[in-house]
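You asked for a quick read of this one before you go back to the bench. Here are my notes, in no strict order of priority.

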Amino acid sequence: MTPIFRFEGIYTPVVTPHFEDSSVNWDALADVIEYLIGAGVHGLISGGSTGENYAQTVEERIALARFTHDRLQGRLPLVVGTGAMLTSDSIALATGAKEIGADAILLASPPYSVPTDRENALNALAIDKAADLPVMLYNYPHRTGTMMGEEFLDRVGRSRNFCGIKESSGDINRVHLLARDYPHIQLGCGMDDQALEFFAWGAPFWVCGGSNFLPREHVALYNACVTQGNFAKGRRIMSAMMPLMRVLEQGGKFIQTIKHGVTMNGIAAGAMRAPLKGLNKDDKRALEQVVRVLKQKIADIEAEG
């Protein structure tokens, strides 16, 4: 079955820059969007957890998505996140995405309620019906408490709109399952330190928070593995990126690290909304050192041609 939409390349879940009073810094958001377009990423996601969606109202999330869509002016595809605890909120986000002209929606399991596969599928199909847009599923059981199992995948697969999945379980056996048994649902990397393995199993896209501030380096890995099929080069780039993966995934400071990385590039990403707090001086210094080394190593690899 040919997907109705092809998710290809690096998709950046865009951060939400804030002022110190937690209001949105719209000018900085515009700068982030322009920076990502210029750096060559392939699509943007508005309203993901990297954008602090859990600390935003439905109305704020739709406003952010509308602003991003208007700023993009069709230059890149836009995916709008619909993740929420309430089905009614997810449906409101899905219909809002449809109204603003988004290209697709990102659909996660509702957190905390721990639905069965059947319940989860019915929830997803209700959101799909409201949007009638291409869907990128988001399987992240460590955050939602729910695995999108085979019964779920079989049920939602009855709608052609479900054409991609950001797989963030961390279980490499899930990569094998999805690649072998669900080829009609495009496999996407949602576990940064497994990007090489995802690409080896044919994943055509990678949703990566780190591309907010290191977009060219993430694109370099995608190009080496997917565009060029050069996994020897890909392993070298991935090896250079692994220290960043460790910084991002350890210590529960993922969003704080991403936003400091954006600020390092000269765009004021600002503070996090409560309950999160910014990085301390030692964390900032560690990230800055990792980024310096990573950039140089990947530049050297790319310069070899």
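The points below go through the barrel, a helix pair, the salt bridges and one loop residue.

1. Before anything else, keep in mind that this is a predicted model. Everything that follows is computed from that model.

2. Start with the barrel. Eight strands close up in the order β1-β2-β3-β4-β5-β6-β7-β8, and the pairing is parallel. Going from one strand to the next, the twist averages 25°. As a reminder, strands of a sheet pair through backbone hydrogen bonds, in either a parallel or an antiparallel way.

3. For a closer look at one pair in that barrel, take β6 and β7. Strand β6 covers residues 162-167 and strand β7 covers 186-189; the two run parallel and are joined by four bridges. E167 stands opposite C189 of β7.

4. E167 is worth a second look for its side chain. It meets the side chain of R174 in a salt bridge, at 3.0 Å from N to O. Are these two charged residues buried or exposed? E167 is buried, with a relative accessible area of 1%, and R174 is buried as well, at 6%. The cut-off for buried is under 20%, so both residues qualify on their values.

5. Now the helices. The axes of α10 and α12 come within 9 Å of each other and cross at roughly 175°. Because angles over 145 degrees count as roughly antiparallel, α10 is roughly antiparallel to α12. On the α10 side the contact is made by K233, R236, I237, A240, M241, P243, L244 and V247. On the α12 side, L287, V290, L294, K297, I298, I301 and E302 make the contact. What is the make-up of these contact residues? Eleven are nonpolar, four are charged, and none are polar.

6. R236, one of the α10 residues in that contact, also has a salt-bridge partner. Its side chain meets that of E304 at 2.8 Å, N to O. R236 lies in helix α10 (residues 231-249) and E304 in the segment after α12 (281-303), so this pair ties together parts that are 68 residues apart in sequence. R236 counts as partly exposed, at 40% relative accessibility, while E304 is exposed, with a relative accessible area of 54%.

7. Another salt bridge involves α12. The side chains of K253 and D283 meet at 2.5 Å, N to O. K253 lies in the loop between α10 and α11 (254-264) and D283 is in helix α12, so the pair ties together parts that are 30 residues apart in sequence. Both residues are partly exposed: K253 has a relative accessible area of 29%, and D283 comes in at 22% relative accessibility. Elsewhere, salt bridges that share partners join E34, R71 and R75 into one network.

8. How many salt bridges does the structure hold? The count is eleven. In general, side chains of opposite charge can pair when their charged atoms come close.

9. Last, a loop residue. A271 is found in the loop between α11 and α12. Leaving out residues up to four places away in sequence, A271 touches H18, E20, E52 and K259. By contrast, E217 is 54 residues from A271 along the chain, and their C-alpha atoms are separated by 25 Å.

Conventions
Residues are numbered from 1 along each chain as its sequence is written. This is a predicted model: local features need pLDDT of at least 70, side-chain atom pairs count only at pLDDT 80 or more; totals for chains, interfaces and linings use all residues. Side-chain values use heavy atoms; hydrogens and water are left out. A salt bridge is a side-chain nitrogen of Lys or Arg within 4 Å of a carboxyl oxygen of Asp or Glu. Buried means under 20% relative accessible area, exposed over 50%, partly exposed in between (1.4 Å probe, protein chains only). Two strands pair if DSSP finds at least two bridges between them. Axes are lines fitted to C-alpha atoms, for helices over the stretch in contact, and angles run from 0 to 180 degrees between N-to-C directions. Angles under 35 degrees count as roughly parallel, over 145 as roughly antiparallel, 65 to 115 as roughly perpendicular and the rest as oblique. Contact means heavy atoms within 4.5 Å. Ala, Val, Leu, Ile, Met, Phe, Trp, Tyr, Cys and Pro count as nonpolar, Asp, Glu, Lys and Arg as charged, and the others, Gly among them, as polar.
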